[in-house]
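Trainee: I'd like to go through some backbone oddities with you. Can we pull up the model and take them one at a time?

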4 protein chains.
Amino acid sequence: MTTQTEQPTRSAPPQRADYAHFDQLPTRWADNDQYGHMNNVIHYALFDTAISNWQMSKGIFDATGKLSRMVVVESGCIYHGEAGYPDLIHVGLRLGHLGRSSWRYDLALFRNDDDIAFASGFFAQVNVDAASGRPAPLDQAACAALLTLQMA
Amino acid sequence: MTTQTEQPTRSAPPQRADYAHFDQLPTRWADNDQYGHMNNVIHYALFDTAISNWQMSKGIFDATGKLSRMVVVESGCIYHGEAGYPDLIHVGLRLGHLGRSSWRYDLALFRNDDDIAFASGFFAQVNVDAASGRPAPLDQAACAALLTLQMA
Amino acid sequence: MTTQTEQPTRSAPPQRADYAHFDQLPTRWADNDQYGHMNNVIHYALFDTAISNWQMSKGIFDATGKLSRMVVVESGCIYHGEAGYPDLIHVGLRLGHLGRSSWRYDLALFRNDDDIAFASGFFAQVNVDAASGRPAPLDQAACAALLTLQMA
Amino acid sequence: MTTQTEQPTRSAPPQRADYAHFDQLPTRWADNDQYGHMNNVIHYALFDTAISNWQMSKGIFDATGKLSRMVVVESGCIYHGEAGYPDLIHVGLRLGHLGRSSWRYDLALFRNDDDIAFASGFFAQVNVDAASGRPAPLDQAACAALLTLQMA
């Protein structure tokens with residue numbers, strides 16, 4: 001039986017102190033599926049939005065995608081527990097890896113005032129030139145912004 | 001800089017011959033985001049639905065969740081290329097791992113008639129007793145069904 | 001050519017002063033479609049969530065749906081203008097109609113600090129007994145809560 | 001108590017014979033909300049997609065939105081009954097109204113092999129010049145295509 005990616009070792013869910021930046025995103029009624037909890041797909045929509053929010057707040061995100069695009073090349077999520085509407089989700093963000101044209105955000109989701117995450121994951125992105133579709137080095141401003149998310 | 005999960009080695013995108021079962025899922029207009037391609041979150045919605053469809057076709061899925069629930073404990077996706085509305089997505093499915101109460105599906109997404117996947121990923125699930133919320137061994141029927149997804 | 005519903009007369013978009021209660025809901029990156037604005041479907045997700053939030057805050061909403069369900073029997077939206085991620089949407093809510101077992105919310109969506117709505121709409125709901133599936137009269141607490149949304 | 005739109009008279013749900021064109025759209029697992037049925041918002045996503053599919057099949061839809069955009073100016077839905085995952089939804093489409101730069105689609109949703117719709121609604125669209133953002137007359141090809149959806 002071949003495996004595309006290695007089976008990860010289950011680790012303890014992270015805490016708020018493990019993250020550099022936080023965003024608060026409310027849930028929507030339809031985020032809950034038939035099981036009465038947030039559908040597993042919504043976790044990624046929250047990751048996606050927290051990252052976009054942060055990038056826009058730093059001025060490093062061309063949302064029109066006309067010059068360059070920050071494209072997701074890999075993502076993943078470990079589900080430690082449950083949450084769902086009407087919870088307010090606190091999204092923790094930190095830098096996981098920084099390369100020349102690619103980097104990785106590590107994220108976690110906290111339910112209301114919980115200090116222990118109910119989910120943790122990552123988004124690996126690459127900066128792509130909109131015209132050529134090829135990876136393009138991150139400029140200095142973007143690198144500097146990303147480094148503010150680095151944990152000691 | 002700590003990393004929650006290992007940075008995966010980028011591998012070649014899989015082909016149709018690497019999967020045991022296929023489902024065809026059309027895209028919806030709003031699956032495309034502002035970049036004009038399928039938003040990275042939709043890939044998971046397609047994984048989720050193809051798995052649910054397959055489980056229901058095998059009669060091993062209690063969609064009401066009253067007796068037992070097949071809960072996602074981890075998921076991930078590698079984005080090899082682009083697709084989006086109005087593409088018809090072919091979802092490939094195979095068994096990645098089978099334990100006593102948990103297992104993993106490996107999946108890939110193929111755009112229209114493409115033989116090379118534009119995305120590949122996995123869903124790790126655990127069977128949970130609805131009353132206790134604790135992992136419960138898979139019954140024989142479920143194991144037998146899952147083994148039909150095993151590649152040689 | 002038969003028409004299912006009458007073609008509404010286009011009216012001026014409402015203002016904040018026309019609504020009794022407000023909720024603030026942030027947009028998500030994937031709310032925007034390929035046209036770079038909030039997809040027309042998202043307006044309903046925001047209506048749906050603002051109503052659920054309000055109902056929960058008044059304690060008149062059995063989110064589990066085990067006793068009774070507040071089911072949507074009709075909805076509609078007029079799109080006066082555009083909005084989208086990263087806008088913060090202010091949802092205005094007022095009572096449009098109150099019957100024995102059914103009622104209607106009138107809603108409007110305001111973009112950030114705008115005083116003129118970019119969308120206005122309604123949700124007509126009926127209270128349904130979860131066991132019988134039949135309309136059931138609203139209890140006094142629910143009626144009293146709804147009447148707080150009535151404009152002079 | 002002012003009302004933005006008139007309270008519609010509840011009419012009998014339409015049948016398949018009332019529509020000129022049909023599309024088949026499968027449901028997704030997460031289309032169901034906590035109540036175990038298709039969330040009221042999904043109906044609009046199915047309308048939206050069936051219309052886009054039809055427009056693309058007729059070659060009258062510039063999905064890039066660079067030249068002109070067919071923008072939704074009003075939509076509505078009456079919910080006659082329930083449906084949801086794993087149902088296959090058949091979407092019925094007909095022309096409701098045709099003007100110079102605007103028109104209305106009337107739609108209905110049928111669950112699997114049902115002949116009676118569980119939902120009916122409409123999408124009013126206007127053709128907008130992408131550069132000026134102003135309404136622009138429909139060209140002859142688009143008018144001719146729309147008229148094929150007219151019921152006797």
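**Backbone oddities**

Mentor: Start with A:P86, which sits in the loop between β2 (68-79) and β3 (88-98) of chain A. Bear in mind that this is a predicted model, where local features need pLDDT of at least 70, side-chain atom pairs count only at pLDDT 80 or more, and totals for chains, interfaces and linings use all residues. Residues are numbered from 1 along each chain as its sequence is written, while chains are lettered from A and ligands numbered from 1 in the order in which they are written.

Trainee: What makes β2 and β3 strands here?

Mentor: Strands are DSSP runs of E, at least two residues, numbered from the N terminus.

Trainee: What kind of peptide bond joins A:Y85 and A:P86?

Mentor: A cis one, with omega about 5°. Most peptide bonds are trans. In chain D, D:Y85 and D:P86 are also joined by a cis bond, with omega about 10°, and D:P86 lies in the loop between β2 (68-79) and β3 (88-98) of that chain.

Trainee: What is the phi of A:N112?

Mentor: Near 45°, a positive value in a residue other than glycine. Most residues other than glycine have a negative phi. A:N112 belongs to the loop between β4 (102-111) and β5 (119-129) of chain A.

Trainee: Why is A:N112 called exposed?

Mentor: Exposed means 12 or fewer other C-beta atoms within 10 Å of the residue's own, with C-beta atoms placed from the backbone. A:N112 has 11, so it counts as exposed.

Trainee: And what about C:N112?

Mentor: Its phi is near 50°, again positive. C:N112 has 11 C-beta neighbours inside 10 Å, so C:N112 is exposed.

Methods:
Helix = DSSP H or I, 4+ residues; strand = E, 2+ residues; numbered from the N terminus. Buried ≥ 20, exposed ≤ 12 C-beta atoms within 10 Å, placed from the backbone.
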